[in-house]
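Visitor: I'd like to learn how to read helices in a model like this one. Could you walk me through it?

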Amino acid sequence: MEQAFREALKAFEKKEVPVGAVVFDSNGSIVGKGYNQVEALCDATAHAEMIALTSAMATIGSKYLDDCTLAVTMEPCPMCAGAIVNAKVGRVIFGAYDPKMGASGTVLNVTGCRQLNHQPEVFGGIMENKCRNLLQDFFRELRKKPENN
């Protein structure tokens with residue numbers, strides 16, 4: 001999770017919502033990583049998880065990541081949770097729970113939906129305070145900025 005947090009700090013520095021993600025293979029080696037780049041790429045799908053998953057699939061040479069673990073600093077949204085299921089990620093660990101968009105048990109449970117063809121193991125609340133504090137600091141600073149008209 002520390003590696004994912006380092007990715008989140010990159011997003012914070014670039015004034016993106018500070019979420020970072022890292023994919024580890026079964027040996028614990030990093031095979032993919034990413035941080036939110038929605039603003040920089042002007043792309044609503046440029047979430048940390050999506051970038052990390054794409055990177056990992058390219059590294060491994062497979063569309064499936066069943067022997068991998070995704071570590072992400074915030075609970076995946078529905079889009080990212082769907083990608084996790086489609087990529088057949090073996091396990092997901094996340095930091096902060098997302099009370100507005102969380103799709104690994106908080107608002108929805110896409111990753112645990114038995115009607116879908118895959119359910120990864122999911123563990124939330126890993127380094128929760130540290131991850132949540134970074135997000136809160138970001139949004140606190142964002143609210144301080146004057147409106148651009």
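Visitor: What span should the 12 residues of helix 1 have at 1.5 Å a residue?

Guide: Keep in mind that this is a predicted model. The rise of 1.5 Å a residue gives helix 1, with its 12 residues, an expected span of 16 Å. Its end C-alpha atoms lie 17 Å apart, which agrees.

Visitor: And which residues of helix 1 are buried?

Guide: First the general idea: an α-helix has 3.6 residues a turn, so residues three or four places apart point the same way. In helix 1, the buried residues are Ala4, Phe5, Glu7, Ala8 and Ala11. Look down the axis of helix 1 and these buried residues fall within an arc of 155°, so they line one face of the helix.

Visitor: What covers the buried residues of helix 1?

Guide: The cover includes strand 1 (20–24), strand 2 (30–35), strand 3 and helix 5. While you're there, check the backbone just after helix 1: Lys15 has a positive phi of about 60°.

Visitor: Helix 5 came up as a partner there. How many residues does helix 5 have, and how far does it reach?

Guide: Try the span check again. Helix 5 runs over residues 128–144, which is 17 residues, and reaches 24 Å from its first C-alpha to its last. That is close to the 24 Å expected at 1.5 Å a residue.

Visitor: Which residues of helix 5 are buried, then?

Guide: Cys131, Leu134, Leu135 and Phe138. They cover an arc of only 90° around the axis, which puts them on the same side of helix 5. Now turn to the face pointing away from that buried side, and you'll find the exposed residues Arg143 and Lys144.

Visitor: What do the buried residues of helix 5 pack against?

Guide: They pack against helix 1 (2–13), strand 3 (69–74) and strand 4 (91–96).

Visitor: Let's zoom out. In what order do the elements of the chain run from the N terminus?

Guide: The order is α-β-β-α-α-β-α-β-β-α, with five helices and five strands in the chain. For compactness, compare the radius of gyration with the globule rule: the chain has 15 Å, close to the 15 Å that the rule gives for 149 residues, so it is as compact as a globular protein of that length. The C-alpha trace spans about 45 × 30 × 30 Å along its principal axes.

Visitor: What share of the 149 residues is buried?

Guide: Buried residues make up 42%. You can also ask how far along the sequence contacts reach. Among contacts between residues at least 6 apart in sequence, 57% join residues at least 24 apart.

Methods:
Residues are numbered from 1 along each chain as its sequence is written. This is a predicted model: local features need pLDDT of at least 70, side-chain atom pairs count only at pLDDT 80 or more; totals for chains, interfaces and linings use all residues. Side-chain values use heavy atoms; hydrogens and water are left out. Helices (H or I, at least four residues) and strands (E, at least two) are DSSP runs, numbered from the N terminus. The expected span of a helix is 1.5 Å times one less than its number of residues. Buried means under 20% relative accessible area, exposed over 50%, partly exposed in between (1.4 Å probe, protein chains only). The arc is that of the directions from the helix axis to the C-beta atoms. Contact means heavy atoms within 4.5 Å. The radius of gyration is taken over C-alpha atoms; the globule rule is 2.2 Å times the number of residues to the power 0.38.
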